[in-house]
Amino acid sequence: MNDPYQITKLPEFHADTLEMVMAERLTASKNNTTNIPMLWQGLLEMDVKVGEETRIAKLYIPKDTPQGTAFVLLNVPEGKKTVSFLYESGWIDCADKYQLPVFAAEPGEDGWKSPAQEQAYINACVQTLFGGIYIRAGMSIYVVGYGSTGKCLHRYAMNTPLQVAAAVFMDASGLEDTVIAEVEESSLDGTGMTFGLPQKTFPMTFDIPKKDIPVPVWILERRLATQEKKAAAHWLYAIDGALSAKDPVLGRVYTQTRESVCTPDGPIALVCVKETETLRFAPAMTDATCRFLRRYARYNKFGPYGNSLVPYVDYETMGVEVRYFPDHKGDQRECLIYVPKAYRDGRKLPMVFAIHGSSESVRNYFEESLLYRKADKEGFILVMPETALYFMPDELSGGVPMAYRPRWAFCSTDQLEDLSCTENDLNYFDRIMTSVIEEYPVDESRIYGTGHSNGFMMTSLLASSPYGSRFAAIAMTSGVTTAWDDQGSEKVPVYMTMGEYDLWGYGLEEENGLTQGIDLWLIRNGLATEENAKQMRISGASETFTADRHHCVQWDNAQGIPMVRYDWIEKKDHMNTADENNLFWDQWFSKWTLDKEKGRCYEGRQV
């Protein structure tokens, strides 16, 4: 007997019909909540390739869910029918309540096999979810494992802790000694990781054991026998957990005491352990599970130095305003505006205008960057505009047809599209800044621009255009300058970073979009000419120094004032980090003003 619920089977994509399918999906999913919705919503079915075999999985995506939202990956318990289970256990209701899309791994025709036999299917589900062919999921997932098959998800979480924002395991912690030992004897390793812009593969080496990566975990067992205790001990070691409470719902609560590069907001991870007969599939248990998961968000690419486990952001409680501004098509795009509570007293405040990268949403960028924490501490207004959905060129998709994703109107080969779209985005930015300046207490002498990846490109373009006259300074992470506006003439102080394991080479001797951008800014800021820009870039720096993992190069003007700075960062991959954003404020933005009478000033000195 089939489940009595309507399910949409996700179609097979073809290059020649993709545009038609996307036009239909853009119309069907359009709403007033987000301009970058998941293009398929509701109850869905997806094929999962496991070697030569094709299995299936079910998805539930709540109405109006934006792209970039993290999924819950769970396994359907033994003896349960997938869709009936999702409804009867409360997962559908909780998905709607917490806007938590669900990816349900389900048994084959003959039911679940042993965990060892099902591990490949679970791993394939993860790959399918992160593959982004149909949906752009978040940069990490929440994991919920039930029963024997749930041990596959437990093993996955141990082996790939950087991808797991939080996990709950119900009677799924009895892992074999060999499984735990395999993890505890291994370190994070990106060897053979393939990057997509341009395609390249190289070894990534890290000095962090997997067992040291903190993951918030809640373990529930009917009986905590020896193997279950060993699994709990693994997670407790990762946080160096200290017993802090005995909670009636969570059980014994252990708090993180060990510092970690993955928790830039401090020791926030909890590990909870409870021995209980509580009904595993009751809606109340599912709601408690979601409330535990929703404490956290995780953002990552490949390595620990670009990974952030951070508190889940409640926009309403914080007072983040979600505003909407029309783009050139008249579509209303989201824009997040945050004025720290402590500074809502009418005084004039600096403004940081921050532009997110390709394939991530404005909310992802707001949360992963922790710029709101810096705004709280330093007292500046944070403004983050949202982009629109565009097709993914081969340089980003690897030639595989995939659903449209959020990005700005150009990427590294901007000739792929009508450049009028880029100009339209610049006008859109200008409209937002003009409105914010009119409506909020903005100190116009202290407006700064930043962006990551595709947002790096847009920030550099925006500052090089006539609109650059608004910025006192700019700073960007992990990107290139592939579009430039010669109509602009402002000398804008610029600070750029690139990771050792980034999408582009970090060396100043290389010829790529990064070094092209450095050359352009050296010329614009009067530090080089077209004829000697390369020479000045490679050997003409005023100062080079190393600070922790940052290898810094700085070019000063004749007054000894730094106008261009570039850092390449050891062990960092293609990720925006709180460390960089804090540095941008402390060592760059806070030093620059653009006074109407004095002009541009560095620490009060007129340039």
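**Figure 1. Helix H4 passes helix H5 in a right-handed crossing.** The model shown in this and the following views is predicted. The axes of H4 (residues 115-131) and H5 (residues 147-159) come within 9 Å of each other and cross at roughly 55°. The two helices are therefore oblique to each other. On the H4 side, the contact is made by Pro115, Glu118, Gln119, Ile122, Asn123, Val126 and Phe130. Their counterparts in H5 are Ser148, Lys151, Cys152, Leu153, Arg155 and Tyr156. By class, the residues of this contact are 7 nonpolar, 3 polar and 3 charged.

**Figure 2. Strand E4 is mostly covered and pairs with strands E5 and E6.** E4 spans residues 71-75, and 5 of its 5 residues are buried. In a regular strand, side chains alternate between the two faces of the sheet. In E4, Phe71, Leu73 and Asn75 point one way, whereas Val72 and Leu74 point the other way. Both sets are buried. E4 pairs with E6 (residues 141-146) in the parallel sense, over 4 bridges. Within that pairing, Val72 stands opposite Tyr142 of E6. E4 and E5 also run parallel, and 4 bridges join them. Here Leu74 has Ala104 of E5 as its bridge partner.

**Figure 3. Gln99 has a positive phi in the loop between helix H3 and strand E5.** The loop lies between H3 (91-98) and E5 (102-105). Phi of Gln99 is about 45°, although the residue is not a glycine. The relative accessibility of Gln99 is 28%, so the residue counts as partly exposed.

**Figure 4. Lys571 in strand E29 also has a positive phi.** Lys571 is a residue other than glycine, and its phi is near 65°. The strand that holds Lys571, E29, covers residues 562-573. Lys571 has a relative accessible area of 18%, under the 20% limit, and is therefore buried.

**Figure 5. An open sheet of 10 strands has mixed pairing.** The strand order is E18-E19-E21-E20-E24-E25-E26-E29-E28-E27. At the edges are E18 (321-326) and E27 (543-547), each of which pairs on one side only. On average, neighbouring strands of this sheet are turned by 20° against each other, with direction ignored. E20 (residues 349-355) and E24 (residues 442-452) run parallel and are joined by 6 bridges. In this pair, Met351 has Ile447 of E24 as its bridge partner.

**Figure 6. Helices H14 and H17 lie across strands that include E20, E24, E25 and E26.** H14 lies across E20, E24, E25 (473-477) and E26 (494-501). The direction of H14 is at about 140° to E24. H17 (residues 578-587) lies across E20, E24, E25, E26, E28 (550-556) and E29. The angle between H17 and E29 is about 160°.

**Figure 7. Met457 is a buried residue of helix H14.** H14 comprises residues 454-464, Met457 among them. With a relative accessible area of 2%, under the 20% limit, Met457 is classed as buried. Met457 and Thr128 are 329 residues apart along the chain, and their C-alpha atoms are separated by 29 Å. Thr128 falls within the residue range of H4, 115-131.

Key
Residues numbered from 1 in each chain as written. Predicted model: local features only at pLDDT ≥ 70, side-chain atom pairs only at ≥ 80, totals over all residues. Heavy atoms only, no water. Axes fitted to C-alpha atoms, helices over the stretch in contact; angles between N-to-C directions. Parallel < 35°, antiparallel > 145°, perpendicular 65-115°, else oblique. Left-handed = near helix turned anticlockwise from the far one by under 90°. Contact = heavy atoms within 4.5 Å. Nonpolar A, V, L, I, M, F, W, Y, C, P; charged D, E, K, R; others polar. Buried < 20%, exposed > 50% of the residue type's maximum accessible area, 1.4 Å probe, protein only. Pairing = 2+ DSSP bridges.
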